[in-house]
Amino acid sequence: MFTSLVHELIFDHDRPFVSCHASHLALLPNGDVLAAWFGGSREGADDVAIWCSRRQGESWSSPFQLADEEGLPHWNPVFHMKDNGELILFYKVGRLLKDWYTLFKVSQDQGRTWSEPVELVAGDRGGRGPVRNKLIVLADGTWLAPGSTEDGIWQAFVDRSEDQGGHWTKSGGIRIPDIDYSSIQAVTDSDIPVSEQSFAGRGVIQPALWESEPGKVHMLLRSTEGFIYRSDSADGGRTWCDAYPTSLPNNNSGIDLVKLDNGMLVLVCNPVGVNWGPRTPLVFMVSKDNGRSWSCEFILEDEEGEFSYPAMIAQGNHLYLTYTWKRESIAFRKISVSL
């Protein structure tokens, strides 16, 4: 079903940063690929910026910076290509996770030049818009951005825009009903290193979205509970049911998902059912019944080390994805799918 066509690292040890993580990608109309990630001395350090590389033909450019505000960590770039060819870059800025704010830039020339950054929702703290995974466009044209917050209590939500990103409306928080959220102490101590703040949390974050039929939308969620969780909406993402567990193991690490033209779902994840467990292997799981059942169909990585935080885009019968490769590089894959 899956055939690997390209398997390469975007850069090697000759890089202008020590550590890199949380990549995203965009397929451009001229056939180029853009990949972005955050990189610096370590995750959460003040020198962490948003970096990028362009794939032309079969080679990647040297990494270059897309965004940097001196003295503040940067996080989780997410691309979105509009129908008119505009490319949007969303990303988070902030030292404390609860103080994240979302900025965005726009490119009119396929990522070669960019506008100045603007706050997505003026005055917001906590992070609006897409937190890590791509937004989706519903059948009626509405944009849905998968969001979440991490302030001790982990809660997912969805941001809706009916005017292509001009204005955003936030859904209610998506919770796990078995968790007593009142007993979870929020992270308020600014002395806690940013790289350790997430360990204080419990719940679900970083949704991956799909629309099964017009107005019916679903998400899979990273969780602290040993399994991927799910929530569903029957009104275009305005309201969501409580999160409930699937059969899919989760190590409390990022996931991503695409819906192919034939309706098949392809999920990329680390199928490890231990909270903060190993981030290997990295595999494709497939569902042909709208996520009710899954089978493991393809292993992307199974060595020791970290292979995590995948980002994936489908174009016809091809999958394009990037992911963290041992925090030393970003891997790029092109996979053919036999439909």
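In which strand is M81 found? M81 lies in strand 7, which spans residues 74-81; helices (H or I, at least four residues) and strands (E, at least two) are DSSP runs, numbered from the N terminus. The views below come from a predicted model, in which local features need pLDDT of at least 70, side-chain atom pairs count only at pLDDT 80 or more, and totals for chains, interfaces and linings use all residues. Residues are numbered from 1 along each chain as its sequence is written, and side-chain values use heavy atoms, with hydrogens and water left out.

**View 1. Confidence along the protein chain, given as pLDDT, the predictor's confidence in each residue from 0 to 100.** The chain averages a pLDDT of 94, and 95% of the residues score at least 70. Over residues 187-191, however, pLDDT stays under 50, and for this stretch the model has eight contacts beyond four places in sequence, a contact being heavy atoms within 4.5 Å.

**View 2. The surroundings of M81 in strand 7.** M81 has a relative accessible area of 24% and is therefore partly exposed, given that buried means under 20% relative accessible area, exposed over 50%, and partly exposed in between (1.4 Å probe, protein chains only). Not counting residues up to four places away in sequence, M81 touches L27, L28, P29, E86 and L87. The C-alpha atoms of M81 and A139, which are 58 residues apart along the chain, are separated by 16 Å.

**View 3. The largest nonpolar core, with 25 residues.** A nonpolar core is a set of buried Ala, Val, Leu, Ile, Met, Phe, Trp, Tyr and Cys residues joined through side-chain atoms within 4.5 Å. The residues with the most contacts inside this core are L34, I50, L66, F79, L87, Y91 and W114. At least two residues of the core are supplied by each of strand 2, strand 3 (33-40), strand 4 (49-56), strand 6 (64-67), strand 7, strand 8 (87-93) and strand 9 (101-107), and the largest share, four residues, comes from strand 8. For L34, the residues touched, not counting those up to four places away in sequence, include H24, L25, C52, F79, L87 and W114. Apart from this core lies another, of 20 residues, among them V268, L282, F284 and F307.

**View 4. Strand 21 (residues 282-287) and its pairing partners.** Six of the six residues of strand 21 are buried, so this strand is largely enclosed by the rest of the structure. Both of its faces are covered, with L282, F284 and V286 buried on one side and V283, M285 and S287 buried on the other. Strand 21 pairs in the antiparallel sense with strand 20 (residues 265-269) over five bridges, and it also pairs in the antiparallel sense with strand 22 (residues 295-301) over five bridges; two strands pair if DSSP finds at least two bridges between them. F284 in strand 21 is the bridge partner of V268, while S295 in strand 22 is the bridge partner of V286. In the loop between strand 20 and strand 21 is P281, and the peptide bond from T280 to P281 is cis, with omega near 0°.

**View 5. Polar contacts of K134 in the loop between strand 10 (118-119) and strand 11 (136-137).** K134 counts as buried at 16% relative accessibility. Its side chain and that of D256 are joined by a polar contact of 2.9 Å, a polar contact being a pair of N or O atoms within 3.5 Å in which, within protein, one must be able to donate a hydrogen and the other to accept it, and for which residues adjacent in sequence count only if both atoms are side-chain atoms. The side chain of K134 also reaches the backbone oxygen of M312 at 2.9 Å.

**View 6. A22 and Q206, two residues with positive phi that are not glycines.** A22, in strand 2 (residues 19-27), has a phi of about 60° and is buried, with a relative accessible area of 1%. Q206, in strand 15 (residues 202-213), has a phi of about 55° and is buried at 2%.

**View 7. Cysteines C20 and C269, with no disulfide found in the whole structure.** A disulfide is here a pair of cysteine sulfur atoms within 2.5 Å, and a search of the whole structure finds zero of them. C20 is in no disulfide, the nearest cysteine sulfur, that of C52, being 13 Å away; C20 counts as buried, at 0% relative accessibility. The sulfur of C269 is 7.8 Å from the closest cysteine sulfur, in C296, which is too far for a bond, and C269 counts as buried at 1% relative accessibility.
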